[in-house]
Amino acid sequence: MINKKIWVWDLETLNIFTATFIDRDSDEERVFVISEDRDDRDSFFTFLNTEVAGLVGYNSIHFDAQVLEYMYRNKNCTAGDIRRYATLITSGDNRRPDVPEWKFRHKHLDLFRALSLSTKAKRVGLKWCEFMMDFENIEDMPSQGEGDNWEEMVLSYNKNDVLATKELYRRFKHEVELRKVITARDGVDVMNSTEPDMSKKLFGKYLSKAMRIPLNDLNSMQTIRDVVEVKDIIFPYINFNNAVFQDVLTHFKNLSLESEDTFEKVVNYRGIPIVYALGGIHAAPKNKVYTSDDMYVIKSLDVVSFYPNLMIRNSLCPAHIPKDIFLPLYEGFFNERRSIPKSDPRNYILKILLNATYGLTNDQYSFLRDRAVTLSICINGQLLLTMLLEMLASKISLELIMMNTDGFEIRIPRKYEGIYNSVCKEWESLTNLELEFEDYQKMIISDVNNYIAIYTNGKTKTKGKYEYKDIPLHKNKSHAIIPYSVFNYWVHGIPVEKTIREHENIFDFCAGVRAKYSVERGQSSYELHKVNYTDLEIKKLSKTVRYYICNKNHDGYLMKRYSGGVIEQVEAPARNGKMFKAWTVKYFNKAFRSESFKDYNIDYSYYEMGAREWINAFNEKQTNLF
């Protein structure tokens, strides 16, 4: 008897059809082809029916699984039929799948969804994941009929995608295991749910049960508001004495916000612009370093679970849901999370559930939709933080450093730490919210989204462009050696040149770019341009390109061409309106290993210059090093 296994898989639907499967737990492989010269369909379906316990893919729910179901319905289909169907189901982003997931003949795990990479904010393809994982081979689909061994090229490409999917599964297996635990414990299938969908499913189950109504009835409930009068949702205990903040409060009270309206209010407070907006409050200087010393200390504070607690402590609830049901349920989730160690997967799930609720109140497809709740949380949250800032400023001298959605950093004389603590306790009593505190040795701030913070215990925090390791897949780790060298400079006092020239991970010198569509310029594509004697050689590249800056045995200049006719050079910075330098690159989609690291011929001056520019930005008077 054959033991069924979990297989990582991928399909290619060209003029030939290929299907590659690799065992999740070993190197065992199965390959099937349907073409004019080969027809493996009998063995293909035998394999599916006798050896498959489940399938792991990437963007497979809406594509590979749909193709597979089509083939089950049309067992005599040709490769051309399969290709036409594949073209049909990918013709538009809004096309609903022909077969819902619950009707699939096999169990599927779609990492595109399970890792939340299908959401609008994080949406990336498998090729970008390969770049972010430092995958050895970022291979592009071979052109139809390319070369004498085109079928082998397609199979190689197909296998590479499966290997990449398997590596993605290996690195994020903990996410999959977490979903298994939730599915088994709560009786809600969240294996292919993004984090917002997971929250919606779990909350929906418990809320419908508490309300004693079917889930379908709950899903049809919403409160639609044509306009929200902001004066009606501001908490009555919010007030200010400072004229700048009184103006902010008056501004908000005068707002009437329709369904798609946003807002922004910018004020200058002690030389720092504070921005109030729908995404939260933000304030920070540009390119400034702050330090603690014997006289002064950097204080950082955050509100514990700010948005969930704003809802709970102020009885905020969508108008169509009874408060006496919603609030005890929601607070129960909060209290349960506090009682569970952070190492427990349930803590993470409850965190998602609690935090996602704010977004669900503004989700047009959510049973929690009520924009008055969204705005009440967002606006009152910003005003309450501002109240705390004003209360502190009225009692002690302080320098505002930075504000964000749920807290802020200030620099105060150490002699006022006692007053600082008492004012914070007063604010906690007034608002019924809880603060948590940290002290920093130093903060290196480019802006509100990009900074390094060094705690008094020596630990560090990096944000934005200063992140150099464990970067989420939907972000961009290009030239990670630059933030790493700048981090070492600020935190450890190591010259950037030392970090850069002694570092021997070639992938940290690499950058990635993706071909995209621009309304103004059309579809972009990438090329390598190299002058060979007097002839210009042009090589067309993949949609996703990995490269590093190289000064010997390079591949030429990286160019970006738009279908509208515009062509521009990548890695050609301009200064004072003129090109400063055009850097040559090494195309690195197929990574290679050199016996000696120096054989990569890295142009270290590029990375040293980039790092020095970051550092020099903090001192405009410093002599230009270039």
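This is a guided tour of a predicted model, stop by stop, with what to select and what is there.

Residues are numbered from 1 along each chain as its sequence is written, and side-chain values use heavy atoms, with hydrogens and water left out. Because the model is predicted, local features need pLDDT of at least 70 and side-chain atom pairs count only at pLDDT 80 or more, while totals for chains, interfaces and linings use all residues.

**Stop 1: the whole chain**

Show the protein as a cartoon. Its secondary structure comes to 18 helices and 27 strands; these are DSSP runs, with helices (H or I) of at least four residues and strands (E) of at least two, numbered from the N terminus. The C-alpha trace spans about 85 × 70 × 45 Å along its principal axes. The radius of gyration is 28 Å, which agrees with the value near 25 Å for a compact globule of 626 residues. That radius is taken over C-alpha atoms, and the globule rule is 2.2 Å times the number of residues to the power 0.38.

Now switch to a surface. About 30500 Å² is exposed, and carbon and sulfur atoms supply 47% of it. Accessible areas come from the Shrake-Rupley method with a 1.4 Å probe, and for residues only the protein chains shown count as cover. Of the 626 residues, 52% are buried; buried means under 20% relative accessible area, exposed over 50%, and partly exposed in between (1.4 Å probe, protein chains only).

For contacts (heavy atoms within 4.5 Å), take those with a separation of 6 or more: residues 24 or more positions apart account for 65% of them.

**Stop 2: charges**

Colour Lys and Arg as positive and Asp and Glu as negative; His and the chain ends are not counted. The mean positions of the 85 positive and 86 negative charges are 3 Å apart, with each charge placed at NZ of Lys, CZ of Arg, CG of Asp or CD of Glu.

Side chains of opposite charge can pair when their charged atoms come close. A salt bridge here is a side-chain nitrogen of Lys or Arg within 4 Å of a carboxyl oxygen of Asp or Glu, and the count comes to 36.

**Stop 3: helix α1 and its salt bridge**

Select glutamate 51 and arginine 30. They form a salt bridge, with the closest N and O atoms 2.8 Å apart. Glutamate 51 lies in helix α1 (residues 41–51) and arginine 30 in strand β3 (residues 29–34), so the pair ties together parts that are 21 residues apart in sequence. Glutamate 51 counts as buried at 13% relative accessibility, whereas arginine 30 is partly exposed at 23%. Add Lys5 and Glu28 to the selection: with Arg30 and Glu51 they are linked in a network of salt bridges.

Stay on α1 and show its side chains. Arg41, Phe44, Phe45, Phe47, Leu48 and Glu51 are buried. The buried residues of this helix pack against β1 (5–13), β2 (17–23), β3, β4 (52–57) and α2 (60–73).

**Stop 4: two further salt bridges**

Select lysine 200 and aspartate 363, a salt bridge whose closest N and O atoms are 3.3 Å apart. This pair links distant parts of the chain, 163 residues apart: lysine 200 is in helix α8 (residues 195–211), and aspartate 363 is in the loop between α13 (345–360) and α14 (371–395). Lysine 200 counts as buried, at 18% relative accessibility.

Next, select glutamate 608 and arginine 501. Their closest N and O atoms are 2.5 Å apart in a salt bridge. Glutamate 608 is in helix α18 (residues 604–616) and arginine 501 in helix α17 (residues 496–502), 107 residues apart. Is each partner buried or partly exposed? Glutamate 608 is buried, with a relative accessible area of 12%, and arginine 501 is partly exposed, at 48%.

**Stop 5: valine 176**

Go to helix α7 (residues 173–186) and select valine 176. At 3% relative accessibility, valine 176 counts as buried. Not counting residues up to four places away in sequence, valine 176 touches Leu109, Leu111, Tyr169 and Met191. The C-alpha atoms of valine 176 and leucine 109 are separated by 8.6 Å, with their positions 67 residues apart along the chain.

**Stop 6: two residues with positive phi**

Select asparagine 59, in the loop between β4 and α2. Its phi is near 55 degrees, a positive value in a residue other than glycine. Asparagine 59 is partly exposed, at 30% relative accessible area.

Finish at aspartate 134, in the loop between α5 (126–132) and α6 (150–171). Aspartate 134 is not a glycine, yet has a positive phi of about 60 degrees. Its relative accessible area is 21%, which is partly exposed.
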